[in-house]
Amino acid sequence: METSETILHQSLAEVPGLTSRIVKMLAKEGMLTVMDVVGLLPFRHEDRRRKETAAFHTGGIPGSHAVKVVKTQVRFFGRAGSFEAIVEHSGVGGLGQQLTLRWWNMPFMSKTIAIDMELIVYGRIKEFKGRLFMDHPEYEVIKGGEEEGGASIHNDRIVPVYPLRGGLAQKAVRTASWHVMERLGDRFTADILPPTTGKGEFAGLHRSRALHTVHFPANEEELNQSRRYLALEEFYGYQLRVVRRRRRVHEAGGRSHRGDGSFLGAFFKELPFELTAAQSRSLREIQADMASALPMNRLLHGDVGSGKTVVALAAMLTALESGSRAALMAPTQILAEQHYLTAQKWLEPLGVTVSLKTGTLKTGAESAQISIGTHALLHDRGCMSDVGLVVIDEQHKFGVVQRARLIEKGRTPDVLVMTATPIPRTLSLTIYGDLDVSTIDERPKSRGKVITKVRLQKKMAEAAGFLAEQIASGRQGYLVFPLIEDSEKVDAAAAKKGFAEWSKLLAPHTVGLLHGKMSAVEKESVMRDFREGRIHALVSTTVVEVGVDVPNATVMYIHNAERFGLAQLHQLRGRIGRGSHTSYCVLFVKDDDEEVRERLAILEETDDGFQIAEEDLKRRGPGDILGRAQSGEAPLQFAELLADTRLVRLARQLAERTLNADPELKEPRHAPLRKLVQEIDSPQAMLQ
Ligand code: ADP
Ligand code: MG
């Protein structure tokens, strides 16, 4: 007997109602089987339910109309012919109104559409010289044509819009999913969520129905319920992986690092400042984890300038005190070198040996107690042997993958991941589901204020005068550009050109240039000159965005600020206001664009990264933030629902429960889960 599961693997050519033309089009989109169609979920829907009484309207909003063709014509403009069909409303609302449907450069449409046919059309109507037009409408023949469909698939309902390019493919996929759903019937796939989920909020719902509804919902309520169901399912799969990974790390067992204070005592004595309460609390949390025999898996989360580095150094000293070595990994060479200098300054006086290893540089003994570097570190046996604590700065994605690799090699060091990306709590639960989190939610009190202003580009000359004054009084500044080469296409100011201009504007002060295309050695020498005050103003691309720490720099001018996202501007601004002097950040914008000003105003008002992140979230949606945070495509199709903490929590509970009952997912009823978790666990998925 044919089961539904076998239908899922059937070729689309075998589905009744699908023409070979459509099957071919789908093959072009990589869709060959029933499963391929079911699994391509719409990313949005259009409400094309027709209002019988609505007249043709030009309000700019697309609408659905039932119409009858009264006249057709092909018109030629030069060589290209366009097809026009003049239609009348077949409902009561549009009596006497005529509308011209227009297909530019498609004279062959005259073979498809003829007088007296009844159509449903969907599109935007515009008026030109007293006539109404709809260009390239989505249409469907209801009566009178070869393609006559009877019931409407593409109109007269809430229709799915799939993540595809081009209207034709859209229609082909929609047609296919309609016929596939007809064929599949009520129960065609096993549930992934535990049976208890079908109660309460999701009463009456199961996987097959939710999938069906998401393709062709009868109404919005049903659609929302089904989307939430599928979102929960996705979170559940994700949490199964996270919970399992967490348990595995624990099973692997780690080292207990109990410091005796021999290094830390001296360290804090020499440190030129006191830790803030939030830094101390975070350090205590880290040390408690390290003392335990379970491997630490902690995220140290703190806004730019909150002082994460010093906490990490203290944690590394704790590892040293208990006889281990420690490693600190940074995402860029510039940062690795900066950390190396800091460690040299603060740790070498305590008798601690420190080494640096990046792609191109290597300094210090291989067996040093503390190894600092980029990810090149990880491939160096000598650097990584006997390491009990790994600190990963500013790169959480990196963190997950590296940790997996460390465990694979049979060592389970304590891992501390640091980030300044202000991720709202709801998202962090999803992204960092397997990490414990410490938050530094306070900045050192001794800091000078940062004043931020949005200004027009033409005020630059005045601004140059101000920067020259600051330099004359001993301070330094950053001049940030969005691109390094002049490009007509994006019309952005270029750092190289900027360097020439600023060198003139600020003479006789020294201006330096830093961009991503320079060699590592060049970059390091420029950074050194800037750090040590030989360069007064540094023209740079966004390579200074992450982590660079030069407390004497008090001015930052950002050119074409309109090209940056809020969160990125906040990161950039974090490079100043690190010393005790008042700092100034000016966001230069090209034209007096109200929208840009309004968007950037939040940066004038607050320097709270979380508040800025929320504003970003409101403007751009969580998918974007999640996408960026993971530097890849979000693995969740329903990312827009991420703001729903309750669903994430529920998924977490369900996952814990499932894994308590069946830790290895060996029971037959968990076969679909096993597959799901394995798929997500693949190395490729780990990189997402
Ligand atoms: P981030 O959290 O952005 O990585 P850093 O660790 O680079 O910040 O610290 C920023 C600056 O603040 C550094 O110059 C650091 O020495 C200094 N700093 C850190 N903690 C304190 C403190 N408690 N009081 C004063 N300055 C501090
Ligand atoms: Mg940092």
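Which residue has an N or O atom in its side chain 2.7 Å from an oxygen atom of ligand 1? Hi everyone, let's start right there. The residue is Thr309, whose side chain comes that close to the ligand oxygen. Before I go on, please keep in mind that what you see above is a predicted model.

So, the ligand. Taken alone, ligand 1 exposes 570 Å², and the protein buries 90% of that. Its shell is made of 20 residues, and the closest of them are Glu274, Gly305, Thr309, Arg447 and Asp549. You just met Thr309, and Asp549 also makes a polar approach: one of its polar side-chain atoms sits 2.8 Å from an oxygen atom of the ligand. For a nitrogen atom of ligand 1, look at Gln279, which has a polar side-chain atom 2.9 Å away.

What kinds of residues make up this shell? Seven are nonpolar, seven are polar and six are charged. If you want to find the element that gives the largest share, go to helix α9, residues 308-321, which supplies three residues. And where does the ligand lie with respect to the domains? Domain 3 (262-440) and domain 4 (450-607) both contribute residues to the shell, so ligand 1 lies between these two domains.

Now let's turn to the backbone. Here is a bit of background: most residues other than glycine have a negative phi, and most peptide bonds are trans. With that in mind, I picked out three places for you.

The first stop is the peptide bond from Ala507 to Pro508, which is cis, with omega near 10 degrees. You will find Pro508 in the loop that runs between α15 (495-506) and β20 (511-514).

The next stop is Lys129. Its phi is near 50 degrees, a positive value in a residue that is not glycine. Lys129 belongs to the loop between β6 (126-128) and β7 (131-135). Is Lys129 buried or exposed? Its relative accessible area is 74%, so Lys129 counts as exposed.

Then comes Asn560, where phi is also positive, near 50 degrees, and again the residue is not a glycine. Asn560 sits in the loop between β22 (553-558) and α17 (566-573). Its relative accessibility is 2%, and because buried means under 20%, Asn560 counts as buried. Try clicking on Lys129, which is exposed, and then on Asn560, which is buried.

On to charges. Side chains of opposite charge can pair when their charged atoms come close. How many salt bridges does the count come to in this model? The count is 21 salt bridges, and I'd like to show you a few.

Let's begin with Asp191 and Arg187, whose side chains meet in a salt bridge at 3.9 Å, N to O. Asp191 is partly exposed, with a relative accessible area of 29%, and Arg187 is partly exposed too, at 49%.

Another pair is Asp529 with Arg534, where the N to O distance is 2.8 Å. Here Asp529 has a relative accessible area of 24%, which makes it partly exposed, and Arg534 is partly exposed at 44%.

My last pair is Arg669 and Glu667, with the closest N and O atoms 2.8 Å apart. Arg669 is exposed, at 55% relative accessible area, whereas Glu667 is partly exposed, at 25%. Some salt bridges also share partners, and in that way Arg102, Lys126 and Asp135 are joined into one network.

Let me finish with two buried residues. Pro42 lies in the loop between α3 (34-39) and β1 (44-47), and with a relative accessible area of 7% it is buried. Which residue, 172 residues away along the chain, has its C-alpha atom 7.3 Å from that of Pro42? That residue is Val214.

The other one is Ser177, part of helix α4, residues 167-184. Its relative accessible area is 0%, so Ser177 is buried. The side chain of Ser177 makes a polar contact with the side chain of Tyr162, at 2.8 Å.

That's my tour. Thanks for listening, and do turn the structure around for yourselves!

Terms used
Residues numbered from 1 in each chain as written. Chains lettered and ligands numbered in written order. Predicted model: local features only at pLDDT ≥ 70, side-chain atom pairs only at ≥ 80, totals over all residues. Heavy atoms only, no water. Helix = DSSP H or I, 4+ residues; strand = E, 2+ residues; numbered from the N terminus. Buried < 20%, exposed > 50% of the residue type's maximum accessible area, 1.4 Å probe, protein only. Near = heavy atom within 4 Å. Polar contact = N/O pair within 3.5 Å; in protein donor to acceptor, adjacent residues only side chain to side chain. Areas by Shrake-Rupley, 256 points an atom, 1.4 Å probe, with all protein chains shown as cover. Nonpolar A, V, L, I, M, F, W, Y, C, P; charged D, E, K, R; others polar. Domains from an automatic or database assignment. Salt bridge = Lys/Arg side-chain N within 4 Å of Asp/Glu carboxyl O.
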